[in-house]
Structures are given as C-alpha cells and as structure tokens.
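Please take me through this structure in the viewer, one selection at a time, and tell me what is there at each stop.

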Amino acid sequence: MSEYIPPWSSPYIIGIAGLSGSGKTTVAQEIIKSINEPWTILLSLDNFYKELTPELSAKAFNNEYDFDHPDAIDLDLIYECVKSIKNGKKTEIPMYSFSNHQRIKDQSITIYGANVIIIEGIFTLFKKELLDLMDCKVFVDTDIDICYSRRLLRDIVHRGRDIKSVIEQWDAFVKPNAILYVLPTRSNADIVIPRGSDNYIALELLIEHLKNQLKIKSTEHINHLKMLGLKINPINWDNVTIIEETNQVKVIKTILLNKETKNDIFSFYFDRIASILINESLNFVKYVSGDSMGKTIETPINVKINPTDAFFQLNEIIAVSIIRSGDCFIKSLRRTIPAAKIGKLLIQTDSRTGEPQLHTEKLPIITKNSQVLLFDAQTISGAASIMAIKILLDHNVDENNIILVNYTTTELAIKRIFHAFPKIKSVTACVGGHGSTDSDNDWWMCHRFIDNIYYGTN
Amino acid sequence: MDKEYDNVIRLRETNQLKCLYTIIRNKNTPREDFVFYSDRIIRLLVEEGLNQLPIESNIIETPLNVTYEGSKFKGKICGVSIIRAGESMEQGLRDCCRSVRLGKILIQRDEETATPKLFYVKLPSDISERYVLLLDPLLATGGSAAMAVNVLLENGVKEDKIIFLNVLASPEGIKVFKDNYPKIRIITGMVDECLNDQKYVVPGVGDFGDRYYSI
C-alpha cells in the first residue's frame, strides 16, 4: 500500500523527429545540456532496427535493403521499453551494429528509471501509442536539400563510404521515404523548429518551456513528500528501534557532538556507534532454530546442543549505502559481515528545491529472501530514504526485509517513511524534532555534519 | 539455567547471539570462523563492560555553537588478560579504547599438585587507581581467575572496580566468585549447564585458547 510515487514513475518524455541529417541529435544534446536534469536518458531509434533474416541481411550488404522505411524499425519494442522504464522496471535497451546489420548479442544498456526520456529518430512521431506517452513532441524541420548535403558529407567523409552508393541510397530509399512517411509526421508535433539547431531562438523557447514543465513536476514531487509527513497517522513505533542509551552510548554521542573533537577521534567513535547500530539491526535478521530444521551441532567435547538452542542464519544480508553519508557505516559493516555484498545509491538533494534526485544506482543481485540493511547516517527530511526504499522494492526486495539504519533521524522523517512503507524496520541512535513539522529548523539533527567530519571535508 | 546470579550481567539473549554461539560451539567450525565469531562476541562483551563504568556530566559546545549537556566517563580503566586465552580479548578492548593500558598475568596448573600456580605478573604501575577489565574467555572452576583476582587485590585494586569479562561461564565458577568476591561484576555471554569430570564446561566450546590459537 505504498503511497509514495517516485518521480521516475512519471518521467517527462520528449520526442524529437526530423529528416535524416536535419540535426535531431544536436537538438537533443542541446536540450540535455540546458535542462541539466539528473537521470536523463536519450533513446535513439537507431538502436531499435529490426534483426534481419539471412536473405534480407544479404540485401542489406548490397545496399538493396530499405532501412528508411518505418517497417525497418521495431517501434513496438521501443514502445515497450519506454513503458517499462515508466513503470520503474529494469529495462534493457538493445544495441545495434551497423556493420553487421544485427543487434549486438549479449550486449545491451540497462536502464532503471528516469526523470526525463528523450526519444530521437526519424520515426519518433510515427506510432500513435508512442505519441500518447510523450509530453512534448518536437519536429526538426530542416530543408531537405540541406539534409542531403549534410548526409553526403557525413557518409563520405566520416563513414568512409563511396559517393555512388550514398547517392543511390538517397534516391532509392531515403528521399522517397522521407517524403512519404517522415514529413507527414510533422503535423503530430507540438513544436516545429525550422532550420534545426541553428535556430537558437526556437531552441531557447523550447528549453524554457521544458524547464518550466520540469519545475512543476519537481514541485509536485516535493509537495507529495511533504504530504506523507502531514497525514495524521500514528507511527508504529514497534518497527523503530532506538538503541538503548547506555553509559557508553551517552559518552559517544557527546564526543560526536563536541566541536572540539578532532576528525580522527570522530571517525573512531562513529565507527564504534556504527558497530552498535549494525549489531542491533542484525537482530531483525531471520535466525531459525535447529528444531524447525531437524538440525543441531556438537561441541568439541561431543555434547549435542539442544536443537531449540541452536540457531542458524539462512538469508543473505546485503548492504545498501546511500552515498556519501551511508558510507560511514561500511567500515564497521565489513568488520561484522566481511563478505557482505554492498550496493550504492547516489541520491542528492537539490539545494535550491530540496528535491531528492537519483543519480546512480549500483545494486547487487537481490533475491526474494535477501535482507537488506539500508545505510544513511542522518535522515532529516526522509526524502532520500523514501526514494532508496522505493528503488529496493522495485528490485524485488520484500518490504519486510528492509532495515533502515541511521545515526540520527527526525520524527518527521519517520512519519513520512513509515507512512509510505509501514512494514520496514528502522534502527537509529537519536530521534529528534519532536512536534516539529518544519524540516529546516536549526536543531542539530537537521544539520548534516557526520559525513563531512568523517571524511574530513569540513 | 533458570538460576539468576546478581553478580552476573549477561548479554541480551537475542537469536543473533544464539546464532553466534552456535557457530563457536560447533566442533566442525574452522578456526578462522571460530576466531571471527569469537571476536564478535568479545566485542559485545567489551562494550557491555564499558557500560558498567560510571559517567558524569560533561557540558560541551556543538559545531552550531550551542551548548549541550552530555556525558563523559569518570575514572580511568585498564585491561588485564590471563595468558594465553585471555589475550584473545585484548584486541576487542583495543578496538574500543585505542590506547588502553594492558596488564598480563600468567597462571598455569602445577602438574604435581594440580593447583594453579602464578608464573608471571606485569601490571600498569597505577593500577590501584583504575577500573580493571579482567579478560578470560572461559570461567570454568574459577581457580585461576580467583588467583588473578588475588593478584589484582594485592596490587591495590578495589574489588568493586574489577569487571570480569568472559565468553562462557559455568555455574560453579560463578559461585566461587559470588562467595569470595561478591562485588566483582561478571559479564558473560552465556552461562552453561555444569562442569564435567575433566572440569570442562558442558556443553562448552572446547579449549578456547587452543581453538583460537593453535588447532
């Protein structure tokens, strides 16, 4: 019953079409550069050429195959890929070899989620279903003669082809198809850019529009995250473990908070509290007693242990760290579970808007039974944690098997996280911000300091 | 083991802890795993030992220039290990207190009289002012541990400032301490059933020193 809708479930999709040589790629690159949005992906229709049968392949090598006909491109596949990315699924984008006229076997680009998808190719605006997915449809309308001259230059100078075959191909396939199939798709576009990428006024207007649209989307995401914390749902504190305030925990907390503490001392004591937190979080791992497995062990003096007293760990434990503050736990984790697989997520919060943005995910193979320790040293707004948990769920992790481990957390973050994901477990050393709904008050837990001091970048 | 001992502080009996003990008790566990998982238990014992130390208020200033009332340890500590098995616990202590002073005591069984005999003692010179974490992974008959305690007392350590850490304890050993040194706190991971005729703890972990160092 997750109510969190991550930004990548509604990526902003831009389609760019135009004749071969019209400057589609340049327009796409200009857009990517200007919107500067993390998690932007560019899908080129060139990677979606259909695989050829041996007979067609032979034709292709004789320059007799029509690559410029809409049927040459697997538009159904690209539709499926875009839909799959939209659903937050891991998606494989094929790679195509022009020299072999084949998809490259065992090679593909793996994509998981996106904030912005740019689809680029001559038939981008051709298929109705694909058009329905797009938020903004662009046609780059460069004069066909200019396209021709660019194409000649590109194929002869940069691709080393002989002039005769290039002219033949243009006359036989490229031009007729362009007129018959590509130019009519201009009417499907929202924006037509005459003269292509040289038309900087049109480009600027387009980019301005895109930036505004993305801003609206980002505001919606932030408001949505805030809403999660405002719902008056009682928090199920059973799933939140605050480590016991023993004498040494009190002493370590004081050392970590003292501004006189030198960086090396700070790291030492953070490693210690991290060990304590990791030990506590491992209590949520499933241990199975010997009697349920019909199994026990024998001690060196040949005494059998009562099967109800023998406990075994069956599930694999995987660690996932939110870069960089989660990395402060890794040293202690390695001491506790030396060979644990470690996944990394780079989620950065936009300092202007406060919106969390996913930049990179590198996760090991996670099975249904894997238990995941998710590390973040400080959880302040909860936005990055919520995003990280959503990513884990999208990678088939069972919500019950996620253990969020942090040093400090705010009550607001707990509210938000548990509202979206009531079944996860959380282990922490300090919970603060009682009664506060404003995440940017100046209380110390709302001030990010741990990774700065730990890594000496303060 | 239903009997409660008021001089004993046991680690929280979680399934995780039971799992760690299952590994070190298993006679088929290879030495590297025995060492690794023993070290994990030892770390928990050391941390519990440090929790026994008193604290006092400590007012500090945070990086945001706000004063905060925190805590600091009151008094100094040192570790004393009983050679050889006790030395396995030194690293665990060092991992928590980097420059901690360590004393050593060598006690061995005299083959003729079958009683423990003191061979070697080296202690920090100011030990009488310190809390002492006495390190020995197994408390069996309590014979050698009692002898080590006597050495500490002779050197001026106060009985209530001795904290005895062990991985496994026998009811017999605990009773020796309760009768003779009631103020000493014993911190242990598990209390086993009894001692057998060869004075091994049952079910036990075998000879801890041998498994940690040489088998």
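## Where the two chains meet

Begin by selecting the contact between the chains of this predicted model: 45 residues of chain B are in contact with 40 residues of chain A. If you then display the surface of both chains, the area they bury between them comes to about 3800 Å², and carbon and sulfur atoms account for 59% of that area. Within chain B, pick out B:Q16, B:K27 and B:R98, which together supply 15% of the area that chain B buries against chain A, more than any other three residues.

Next, show side chains across this boundary and look for the charged pairs, of which there are four salt bridges between chain B and chain A. One place to zoom in is A:E280 with B:R12, a salt bridge in which the closest N and O atoms lie 2.7 Å apart. Widening the view to polar contacts in general, 20 residue pairs are found between chain B and chain A, counting those with both residues at pLDDT 80 or more.

Now colour chain B by its helices and strands. The side of chain B that touches chain A draws at least two residues from each of helix 1 (15-25), helix 2 (31-51), strand 2 (55-61), strand 3 (67-73), helix 3 (90-96) and strand 12 (201-202). Which of the elements of chain B gives the most to this side? Helix 2 of chain B does, with seven residues. Recolouring the residues of this side by class gives 19 nonpolar, 14 polar and 12 charged.

## Inside chain A

Turn now to chain A alone, which is divided into domain 1 (7-224) and domain 2 (234-454). Colour these two domains separately, and note that their centres, taken over C-alpha atoms, are separated by 43 Å.

Where the domains touch, 11 residues of domain 1 of chain A are in contact with 13 residues of domain 2 of chain A, and the area buried between these domains is about 1100 Å², with 64% of it from carbon and sulfur atoms. A search here for salt bridges between the two domains of chain A returns zero, and the count of residue pairs in polar contact across the domain interface, with both at pLDDT 80 or more, is also zero.

For the last stop, select helix 7 (residues 200-230) of chain A, which gives the most to the side of domain 1 that touches domain 2, with three residues. By class, that side of domain 1 of chain A holds six nonpolar, three polar and two charged residues.

Definitions and conventions: Residues numbered from 1 in each chain as written. Chains lettered and ligands numbered in written order. Predicted model: local features only at pLDDT ≥ 70, side-chain atom pairs only at ≥ 80, totals over all residues. Heavy atoms only, no water. Contact = heavy atoms within 4.5 Å. Buried area = accessible area lost by both parts, 1.4 Å probe. Polar contact = N/O pair within 3.5 Å; in protein donor to acceptor, adjacent residues only side chain to side chain. Helix = DSSP H or I, 4+ residues; strand = E, 2+ residues; numbered from the N terminus. Nonpolar A, V, L, I, M, F, W, Y, C, P; charged D, E, K, R; others polar. Domains from an automatic or database assignment.
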